Amino acid sequence: MRRSTSFLTAVVLAGLFTSLAVAGVYLEGKSSTDKETSKMYMSQNAMRMEVSGSDGDNVIIYRGDKDLCWIIKQKEGSYFTITRADIEKIGTMVADTKEMINQQMQQLTPEQKEQMKQAVESMKNMPPAQREMMMKMLPDFMKDAMEAEDGQSAAPAKKMYNKTKSSVNVNGFSATQYTVTKGSQKLEEIYMAKLSSVGLSKSDVQIIEKFADFMRAITKMAGQEDSFFSLSLNEQEKTFGFAGVPVKSLIYAANGSVDSSNEITKIEKRSLSDALFNVGSDLKEKKNPMDQMQQMDQMKQMDQMKQMQ
């Protein structure tokens with residue numbers, strides 16, 4: 001009798017749990033990097049991204065209503081929280097570190113500077129986006145030398161989206177192909193499907209804009225403030241003539257070969273459980289690694305002050 005009562009209780013609780021659902025969007029995708037597969041769940045105020053690859057299953061939950069992210073490590077059974085303030089601290093710390101390095105580099109001899117320049121020659125074979133991120137981090141004298149060698153002008157080249165083909169079939173989605181260039185360098189190919197063609201509207205994907213704004217300090221630090229995912233829906237309409245979804249992208253290396261690819265294989269509207277956008281009670285909260293980074297940065301600054309005394 002007790003077992004029967006427990007079963008009925010479970011059924012009732014399951015019914016209640018199912019009722020805590022929100023209208024949303026579900027996407028599936030795959031990447032050539034480590035043969036990763038991904039799933040994304042989007043509601044009006046939250047987004048969940050699940051990535052399965054060689055390093056296990058990782059989950060990011062962004063809560064627009066709370067202005068924070070939970071980073072979940074499934075293997076470890078743990079998670080930590082990142083706030084907007086944490087993101088901004090990273091940008092500030094990187095800027096401070098870069099300034100400190102610039103000051104230290106000015107004290108190097110010409111021979112030492114030349115050795116440093118030779119050490120970054122391998123950057124030429126990096127994918128353009130990765131190279132650009134590294135360039136942001138280089139000391140000024142090294143960056144100036146590399147840009148002069150590349151023949152770049154003082155004014156950075158603008159990223160251009162050039163339409164190359166229409167009505168391309170990508171996993172059943174009808175898409176328009178765009179070649180993305182910066183100066184003479186081919187960066188990527190993006191295949192855009194109109195929101196309306198995949199059964200979505202602007203309101204369905206508005207949460208992506210909120211997440212992009214949340215991450216802005218990091219994208220700026222990485223030199224990716226002009227990346228596709230930083231484009232608002234209104235900017236997409238100005239650039240492409242419509243707002244859409246990138247159902248496929250190819251990232252090119254500096255030598256012209258494809259470095260990585262990403263594709264969306266499924267898009268559908270569905271009811272989403274509220275539990276998808278919350279941290280499970282079985283997960284253990286860990287200390288935010290951003291706090292540890294800040295403590296290390298403060299210790300370095302204290303050491304520098306002692307050396308100056």
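**Exercise 1. Decide whether G29 is buried or exposed in this predicted model, and establish what surrounds this residue.**

Solution. The relative accessible area of G29 is 9%, and since a residue counts as buried under 20%, G29 is buried. The next step is to place G29 in the fold: the residue lies in strand β1, which covers residues 21–31. Its surroundings can then be listed, leaving aside residues up to four places away in sequence: G29 touches T37 and S38, and also E263, I264 and T265. One of these neighbours deserves a separate look, because a C-alpha to C-alpha distance of 4.1 Å links G29 to I264 although 235 residues separate the two in sequence.

**Exercise 2. Identify the residues with the most contacts inside the largest nonpolar core, and find which helix gives the most to this core.**

Solution. Begin with the core itself, which has 30 residues and in which M42, C69, V198, L200, V245, V247 and I267 have the most contacts. Helix α6, residues 206–214, gives the most to this core, with three residues. Apart from it there is a second, separate core of nine residues, among them Y161, V180, L187 and M192.

Now take C69 as an example from the larger list of contacts. Not counting residues up to four places away in sequence, C69 touches I60, I61 and Y62, then F80, T81 and I82, and finally F211 and F214.

To finish, examine helix α6 on its own. Its buried residues include I207, F211, A212 and F214. These residues cover an arc of only 155 degrees around the axis, and therefore they lie on the same side of α6.

**Exercise 3. Work out how the buried residues of helix α8 are arranged around its axis, and name elements that cover them.**

Solution. In helix α8, residues 233–240, the buried residues are L233, Q236 and F240. Seen down the axis, they fall within an arc of 45 degrees, so they line one face of the helix. The cover over these buried residues includes strands β7 and β8, β9 (185–194) and β10 (244–252), together with α6. Just after α8, the backbone shows a positive phi of about 90 degrees at G241.

**Exercise 4. Describe the hairpin of β7 and β8, and locate the residues with positive phi that belong to strand β7 or to the loop.**

Solution. Strand β7 (residues 159–170) pairs with strand β8 (residues 173–182) in the antiparallel sense, over nine bridges. Within this pairing, N169 has S174 in β8 as its bridge partner, and two residues stand between the strands.

Two residues here call for attention to their backbone angles. N171, in the loop between β7 and β8, has a phi near 55 degrees, which is a positive value in a residue other than glycine; its relative accessibility of 37% makes N171 partly exposed. S167 lies in strand β7, and this residue too is not a glycine, yet has a positive phi of about 50 degrees. Because its relative accessibility is 62%, S167 counts as exposed.

The last step concerns T181, whose place is in strand β8. With a relative accessible area of 17%, T181 is buried. Its side chain is joined to that of N162 by a polar contact of 3.4 Å. Beyond residues up to four places away in sequence, T181 touches K158, K159, M160 and N162, as well as K186 and L187.

**Exercise 5. Determine how strand β6 is covered and which strands pair with β6 in the antiparallel and parallel senses.**

Solution. Strand β6, residues 78–83, is mostly covered, with five of its six residues buried. Strand β5 (residues 68–73) pairs with β6 in the antiparallel sense over six bridges, and in this pairing K73 has S78 as its bridge partner in β6. The hairpin of the two strands has four residues between them, and G77 takes a positive phi near 65 degrees there. The parallel pairing is with strand β12 (residues 284–285), over two bridges, where Y79 stands opposite E285.

**Exercise 6. State how many helices and strands the chain has, and what share of its residues is buried.**

Solution. The secondary structure comes to nine helices and 12 strands. Of the 309 residues in the chain, 37% are buried. Turning to contacts between residues at least 6 apart in sequence, 55% of them join residues at least 24 apart. Finally, the accessible surface comes to about 18300 Å², and carbon and sulfur atoms account for 53% of this area.

Technical notes
Residues are numbered from 1 along each chain as its sequence is written. This is a predicted model: local features need pLDDT of at least 70, side-chain atom pairs count only at pLDDT 80 or more; totals for chains, interfaces and linings use all residues. Side-chain values use heavy atoms; hydrogens and water are left out. A nonpolar core is a set of buried Ala, Val, Leu, Ile, Met, Phe, Trp, Tyr and Cys residues joined through side-chain atoms within 4.5 Å. Buried means under 20% relative accessible area, exposed over 50%, partly exposed in between (1.4 Å probe, protein chains only). Contact means heavy atoms within 4.5 Å. Two strands pair if DSSP finds at least two bridges between them. A polar contact is a pair of N or O atoms within 3.5 Å; within protein, one must be able to donate a hydrogen and the other to accept it, and residues adjacent in sequence count only if both atoms are side-chain atoms. The arc is that of the directions from the helix axis to the C-beta atoms. Accessible areas come from the Shrake-Rupley method with a 1.4 Å probe; for residues, only the protein chains shown count as cover.
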